[in-house]
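Visitor: I would like to take a close look at a single part of this model and to follow its surroundings from there. Please keep the account formal and connected.

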Amino acid sequence: PSTLRVLETLRRVGGRRVSFGIESGNEELRRGVLGKRFTNDRVIEVFREARRMGYQVEAFVMVGLPDETPEAFDDTVELIRAIQPDLYSLSIYFPFRGTALYEHALARGYLAGPVALDDAFVSRRRALLDMPAFPPAAVARAARQFPLRVYGRTSLRKALLFRAYESFLGDPLLRLLAPVRGALRAYVLGGSGAGAGSSRPD
């Protein structure tokens, strides 16, 4: 069944929030590296229709993917800015051993060898791939700037809250605010929400 048909069914049984794995707003990278063949126009359509059905929508995206450039990540910023999701989750790409993407990164010379992590590693804020066109410091900076670039013109509240989350204070803040996480989510969304699902806009 199509994504929209699934969303209609879930809505009829009480679904209120749905998350989509977009990963990248650059169609060439998304298709060639990630093997995801849906278009940006399709993403925009699905998000628009999900909102029309009454869903709160969330987008999952990544930065620092193998072969990504700053210009390719600009496409991600532009797509997420266009759809204005209620929430997003941005991850700095992590090369899991045994995956095709890991082997691709290794073959391209983005990794010096097998990945060894220290106990303080947080993939959301540290890039492990050493790509000449998009080095780790630039990837981390792109992640920090993402919320202001996406929401800066439409919701300063969201921009600042997500900016704090992407900072080095993000994890301590999450632990501190854990007792009021539900209220904080409602504040960010401008209302309350429950009932979640995940999908891909194909």
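Visitor: Which elements does the cover over the buried residues of α4 include?

Guide: The model is a predicted one. In it, the cover over the buried residues of α4 includes the strands β1 (17–23), β2 (56–63) and β3 (87–92), and also the helices α2 (27–32), α3 (40–52) and α6 (136–151).

The helix itself can be described next. Helix α4 comprises residues 70–83, 14 residues in total. At 1.5 Å a residue these should span 20 Å, and the end C-alpha atoms are 20 Å apart, so the expected and the computed spans agree. The buried residues of α4 are A72, F73, T76, V77, L79, I80 and I83. Seen down the axis of α4, these buried residues fall within an arc of 165°, and therefore they line one face of the helix. E71 and A82, on the other side of α4, are exposed.

The end of the helix deserves a remark on backbone geometry. The residue that follows α4 is Q84, with a positive phi near 45°. Q84 belongs to the loop between α4 and β3, and its positive phi occurs in a residue other than glycine.

A second case of this kind is found in β1, one of the elements that cover α4. E23 lies in strand β1 and has a positive phi of about 70°, although E23 is not a glycine. With a relative accessible area of 15%, E23 is buried, because the cut-off for a buried residue is under 20%. G21 is also placed in strand β1. Its relative accessibility is 10%, so G21 counts as buried by that cut-off. G21 and V61 are 40 residues apart in sequence, yet their C-alpha atoms are 6.7 Å apart in space.

From E23 one may pass to the loop between α2 and α3, where L34 is placed. L34 and E23 are 11 residues apart along the chain, and their C-alpha atoms are separated by 8.5 Å. Leaving aside neighbours within four places in sequence, L34 is in contact with E23, L29, L65 and L101.

The helix after that loop, α3, is another part of the cover over α4, and α4 is in turn included in what covers the buried residues of α3. The rest of that cover includes α1 (3–12), β1, α2 and β2. Helix α3 has 13 residues and reaches 18 Å from its first C-alpha to its last, close to the 18 Å expected at 1.5 Å a residue. Its buried residues are N40, R42, V43, V46, F47, E49 and A50. After α3 comes G54, with a positive phi near 105°.

L101, one of the contacts of L34, leads to another helix. In α5, which covers residues 100–107, L101, Y102 and A105 are buried. Seen down the axis of α5, the buried residues fall within an arc of 105°, so they line one face of the helix. On the other side of α5, A100 and A107 are exposed. G109 follows α5 and has a positive phi, near 85°.

The question of empty space can be treated next. Rolling a probe the size of a water molecule over the atoms shows where empty space is left. A search of the whole structure finds 1 cavity of 30 Å³ or more, and the volume of the largest cavity is about 30 Å³. Its lining consists of V63, G64, I92, Y93, A127, L128, L129, M131 and V139. By class, that lining has 8 nonpolar residues, 1 polar residue and no charged residues. Three of the elements that cover α4 contribute to this lining: V63 falls within β2 (56–63), I92 within β3 (87–92) and V139 within α6 (136–151).

Finally, the part can be set in the whole chain. The protein chain has 9 helices and 4 strands, and from the N terminus on its elements run α-β-α-α-β-α-β-α-α-α-α-α-β. Of its 202 residues, 43% are buried. Among contacts in the protein chain with a separation of 6 or more, 73% are between residues 24 or more positions apart.

Note on methods. Residues numbered from 1 in each chain as written. Predicted model: local features only at pLDDT ≥ 70, side-chain atom pairs only at ≥ 80, totals over all residues. Heavy atoms only, no water. 1 Å grid on protein atoms, 1.4 Å probe; cavity = no way out; pocket = protein on both sides within 12 Å on 5 of 7 lines; lining within 4 Å. Points joined across faces, edges and corners; volume = space filled by probe spheres on them. Nonpolar A, V, L, I, M, F, W, Y, C, P; charged D, E, K, R; others polar. Helix = DSSP H or I, 4+ residues; strand = E, 2+ residues; numbered from the N terminus. Expected span 1.5 Å × (residues − 1). Buried < 20%, exposed > 50% of the residue type's maximum accessible area, 1.4 Å probe, protein only. Arc of directions from axis to C-beta. Contact = heavy atoms within 4.5 Å.
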